[in-house]
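Biologist: I am new to this model and would like a close look at one part of it. Please take me through a single strand and its surroundings, then step back to the rest.

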Amino acid sequence: MRNINAYVVKTLSSREYIAPGHRACAGCGEVLAMRQVQKALGRNVIVASATGCMEIVSSPFPFSSWEVPWIHVAFENAAAVAGGIEAALKVLQRKGKIEGKKIFVAAMAGDGGTADIGLQALSGALERGHNFLFICYDNEAYMNTGVQRSSSTPFGASTMTSPVGSAQIGQLTWKKNMMAIAAAHGIPYLATASPSYPMDLSEKVVKAAKTEGPAYVHVLSVCPSGWGIPSDTTVKFGRLAVETGFFPLYEIEEGKYRITVDVEELLPLEMYLKPQGRFRHLKPELIEQISRRVRAEWRELKRKAEEQKEIEERE
Amino acid sequence: MGKYLGMEVSFAAAEAVKLCNVDVVAAYPITPQTHIVERLSQFVADGELDAEFVPVESEHSALSLCVGSQAAGARSFTCTSSQGLALMSEIVYIVPALRLPIVMILANRSLSGPLSIWNDHSDVMSVRDCGWIQLFVENGQEVFDHVIIAYKIAENHNVLLPVMINMDGFILSHMFEPIKLMEQEDVDAYLPPYQPKFVLHPDKPVTMGAYAMPALFTEAKKAQEEALLASYPHILQAWKSWEKVSGRSYHPVETFCSEDAETLFITMGSLGETAGEAVRVLRGQGKKVGLLKLRLWRPFPFHDFYKAIGNAQRLIVLDRAVSYGGPGGPVAGEIRSALYNMENRPQVINFVAGLGGREVSVESFLEMFISSVEGKASGYQLFGVRG
């Protein structure tokens, strides 16, 4: 995966569903991801967004970036609203009140609207088995309100509510494992994705959308403003997150693990952490501690994927 | 014109929802509303109602899900009480701003704390300013009728606002009452299928729920206020049309023995029937007493109210909620406001009674009358405090 220049993106749809003129920061990895996601979903989709960066930058009344039907209600209920849209389409098509064509239903939320305040509604919707796709755009903090920590903020990161100080190293807890939580609901498909790997993301979004039942996609959204990196390095940091094992790209399909972008030899974690403003204060011992855990989790993931490969080869 | 049956009022409410052919029901259990959704759930399970019944994981999600389904073009229904309303209240304010004609039954129950499953109006009063059309019903027949009427009002393209039907928890929800059910054809003739004005669908993409900067927010709220005020004639029209179908008539304000009354009781909800009994007793004693029942709470029916009070000099206003540290109960506060500019405005005596299910009997009303007339009660007091 070092041969970045070999990457060809031209098979993505050229049609844009997020109109330019939105208010995202220069270099925003989240809106880049959202644009790619929309291309994968196409025009037959209804989107329910939670309050957050993506909702705010895309819908300053009377303007809207959305070229597909879109609704925003509140912060914690994207999954519930999406469940309602799904229920409506189901019953209206069954009753013959609307045409029976396939329309995807997608809920979109940030890490706060997924793992914190949004967790209940997400869990409920996953448990009830609604036929929808939930996309978490994870920029690892409450960025829209000025970089406060969320349960998705990585260990050691400095944010406005987990600041580094003489008595504290920043975020004191490990990033909540949303993939494990979503997987525990027994849903048919879930995956991690990154806009630095647009084909991988695109395939996963299409797979998730076409899944019968609930699907979950967790997208690492590099945030130059919040992470303290130059705004033209978004894609590079997205790749480093994968290549250091910090954010592995994998999917779980019917309980089977598969790593979709494999890394033969993980790059040293400090290549990813050190250049970021939010991690700049980290001492070598702490980076080593984090690196050990990242590598342990990567090994565990590889083990699950290998186990799966072996089962499949035997069959 | 329909079958006349004795049934639990909750079940009557569910029958009405079924007759409305709702598309989506999303609700969470909470006493004393639960029987309504249990009944609806059974209708769906038995194939009697073709709807998506979604047993959500909280009331916040119940209303959120209904927002999604209504926005996608489905006739949606939910109901709740007390804490459930409080939990979904964030979304309650958003629904009329999105102009979605959701209908909700509120089985009025006291807000905690302390925890109380019993009836009072603290729940509905906590969302007084939410922007929904808000109605109060007094008995089982009114509950049944108003579910259907509510959809008629809400879905009118000149209204497009959600409607909240307030029915006293336990006192109505769990009582067996004689109910005249309507035939499906009559309901269908009165209430046509829902035709959304704007809908989430790929054929014509719309953006719903954009955020508003200060330069536009006031205007958005003005539009919402105008919409609520403008719903008034359509509410009256829906009632008029209902009278033609059912023979039962409803008005924003209803009166009993009020024409020559010097004193009027003012009630909302089921206490009206008890107050009516007290009026009969007092009239028997030669007292010039009457009753004014507020059915339409929002938009507040100022003109009907002025007409109804006539020349009464004393208004005994029943509140079933406390506004702590304020000038009294919310209903009395509104009525004093409504009277402010009147020359020779009547005296307003405010009793807060029936909190947390405390019984308010005919004797209670007689006591309130006597203490008002004897000048022992004035302003605002909590009625019947023991010890």
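Modeller: What follows starts at one strand and works outward to the sheet, the chain and the partner chain.

A caution comes before the details. This is a predicted model.

Take strand β3 of chain B, residues 52-55. One face of β3(B) is covered, and E52(B) and V54(B) lie on that face. The other face is uncovered and carries F53(B) and P55(B). The pattern fits a general rule. In a regular strand, side chains alternate between the two faces of the sheet.

Now look at the neighbour. Strand β2 of chain B, residues 24-27, pairs with β3(B). The two strands are parallel, and four bridges join them. Which residue of β3(B) stands opposite V25(B)? The answer is F53(B). F53(B) also belongs to the uncovered face of β3(B). In general, strands of a sheet pair through backbone hydrogen bonds, either parallel or antiparallel.

A helix completes this corner. Helix α2 of chain B covers residues 34-45. Together, β2(B), α2(B) and β3(B) form a β-α-β unit. The unit is right-handed.

Next comes the whole sheet. β3(B) is part of an open sheet of seven strands. The order is β3-β2-β4-β5-β7-β6-β13, all in chain B, and the pairing is mixed. β3(B) is an edge strand, pairing on one side only. The other edge is β13(B), residues 296-298. From one strand to the next, the twist averages 20°.

Further along the sheet sits another parallel pair. Strand β6 of chain B, residues 133-136, runs parallel to strand β7 of chain B, residues 163-168. Four bridges link β6(B) and β7(B). In this pair, Q134(B) faces M164(B) across the strands.

Step back to chain B as a whole. Chain B has 13 helices and 16 strands. Its C-alpha trace spans about 70 × 55 × 45 Å along the principal axes. For 387 residues, a compact globule would have a radius of gyration near 21 Å, and the value for chain B, 21 Å, agrees. Of those residues, 53% count as buried. Contacts in chain B also reach along the sequence. Among those with a separation of 6 or more, 79% join residues 24 or more positions apart.

Chain B has a partner in chain A. Chain A holds eleven helices and ten strands. Chain A is as compact as a globular protein of its length, because its radius of gyration is 19 Å, close to the 20 Å that the globule rule gives for 315 residues. The C-alpha trace of chain A spans about 65 × 55 × 40 Å along its principal axes. In chain A, 52% of the residues count as buried. Of the contacts in chain A with a separation of 6 or more, 68% join residues 24 or more positions apart.

Last, the interface. Here 40 residues of chain A are in contact with 38 residues of chain B. On the chain A side, β1 (45-49), β2 (70-72), α3 (78-94) and α5 (119-128) each supply at least two residues. The largest share, twelve residues, comes from α3(A). By class, this side has 25 nonpolar, ten polar and five charged residues.

Strand pairing also crosses between the chains. β2(A) pairs with strand β9 of chain B, residues 207-208. That pairing is parallel and has two bridges. W70(A) has T207(B) as its bridge partner in β9(B).

Terms used:
Residues are numbered from 1 along each chain as its sequence is written. Chains are lettered from A and ligands numbered from 1 in the order in which they are written. This is a predicted model: local features need pLDDT of at least 70, side-chain atom pairs count only at pLDDT 80 or more; totals for chains, interfaces and linings use all residues. A residue is buried if 20 or more other C-beta atoms lie within 10 Å of its own, exposed if 12 or fewer, and partly exposed in between; C-beta atoms are placed from the backbone. Two strands pair if DSSP finds at least two bridges between them. A crossover is right-handed if, with the strands pointing away from the viewer, the path from the first strand over the helix to the second runs clockwise. The radius of gyration is taken over C-alpha atoms; the globule rule is 2.2 Å times the number of residues to the power 0.38. Two residues are in contact if their C-beta atoms, placed from the backbone, lie within 7 Å. Ala, Val, Leu, Ile, Met, Phe, Trp, Tyr, Cys and Pro count as nonpolar, Asp, Glu, Lys and Arg as charged, and the others, Gly among them, as polar. Axes are lines fitted to C-alpha atoms, for helices over the stretch in contact, and angles run from 0 to 180 degrees between N-to-C directions.
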